[in-house]
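Me: I'm new to reading structures, and I'd like to know where the words come from. Can you walk me through this one?

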Amino acid sequence: DDKEILELLYSETKGDNWYNNDNWLKTDDICTWYGVKCSCHEDQDCADGSSIESLHLGANNLVGTPPEEIFHLSQLHTLWLHSNPIEFKFKGIGKAKNLIDLRVDATGLKDVLGVGEAKHLVSLDLKYNQISGKFPAELLNLPTLKSLSLTYNR
């Protein structure tokens with residue numbers, strides 16, 4: 001369930017210390033939580049809730065490793081975790097069938113292991129990280145990718 005996934009994200013990234021955690025864990029309506037954007041889709045009864053379509057938590061002092069369950073948010077299309085001291089992992093990203101925009105720039109990311117499973121990504125921002133070595137071949141497995149930023153890596 002989306003709420004449980006967000007609660008896990010909060011606990012795994014020390015949400016009590018975020019710069020802005022307005023409404024997180026304080027209300028059952030996750031669509032009012034800071035950085036959470038929801039929408040109602042045709043196949044849903046909107047009175048029963050909406051789906052999370054984006055998480056905008058960049059530059060918010062998330063610390064730790066965001067759980068791979070974040071990729072189980074079925075309608076998530078935008079995930080912005082940039083400018084946070086997190087240990088981001090791409091494990092499980094293949095389950096995020098609607099994810100098209102991912103920003104994990106300036107997070108200290110060291111590799112892109114697993115990113116090749118994100119078959120629907122259109123935009124991927126990896127700049128200002130610690131990625132080094134040869135061009136990550138996994139990036140060539142992203143058939144819909146139109147925008148890639150890798151500047152300012154090692």
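**Words and the values behind them**

Reply: Sure, let's start with helix 1, which lies across strand 1 and strand 2 and runs at about 20 degrees to strand 2. This is a predicted model, where local features need pLDDT of at least 70 and side-chain atom pairs count only at pLDDT 80 or more, while totals for chains, interfaces and linings use all residues. Residues are numbered from 1 along each chain as its sequence is written, and side-chain values use heavy atoms, with hydrogens and water left out.

Me: What makes something a helix or a strand here?

Reply: They're DSSP runs, numbered from the N terminus: H or I over at least four residues for a helix, E over at least two for a strand. Helix 1 covers 2-12 and strand 2 covers 51-56, so both labels fit.

Me: Why is Thr13 called buried?

Reply: Buried means under 20% relative accessible area, exposed over 50%, and partly exposed in between (1.4 Å probe, protein chains only). Thr13 has 0%, so buried is the word. Thr13 sits in the loop between helix 1 and strand 1. Leaving aside neighbours within four places in sequence, Thr13 is in contact (heavy atoms within 4.5 Å) with residues including Trp18, Asn61 and Pro66.

Me: How do you know that Cys31 and Cys38 form a disulfide?

Reply: A disulfide is a pair of cysteine sulfur atoms within 2.5 Å. Here S to S is 2.2 Å, so the pair qualifies. A search of the whole structure finds 1 disulfide.

Me: And why is Cys38 partly exposed?

Reply: Cys38 has 23% relative accessibility, so it falls in that in-between band. Cys31, at 27%, is partly exposed too.

Me: What makes strand 4 and strand 5 a pair?

Reply: Two strands pair if DSSP finds at least two bridges between them. Strand 4 (residues 101-103) and strand 5 (residues 123-125) have 3 bridges in the parallel sense, so they pass. One partnership joins Leu102 to Leu124 in strand 5. They belong to an open sheet of 6 strands in the order 1-2-3-4-5-6, with mixed pairing. Strand 1 (36-39) and strand 6 (147-149) stand at the edges because each has a single partner strand.

Me: Last one: what is the largest nonpolar core made of?

Reply: A nonpolar core is a set of buried Ala, Val, Leu, Ile, Met, Phe, Trp, Tyr and Cys residues joined through side-chain atoms within 4.5 Å. The largest one has 37 residues, and Leu55, Leu79, Phe88 and Phe90 have the most contacts inside it. Helix 1 gives the largest share of this core, 4 residues.

Methods. Axes are lines fitted to C-alpha atoms, for helices over the stretch in contact, and angles run from 0 to 180 degrees between N-to-C directions.
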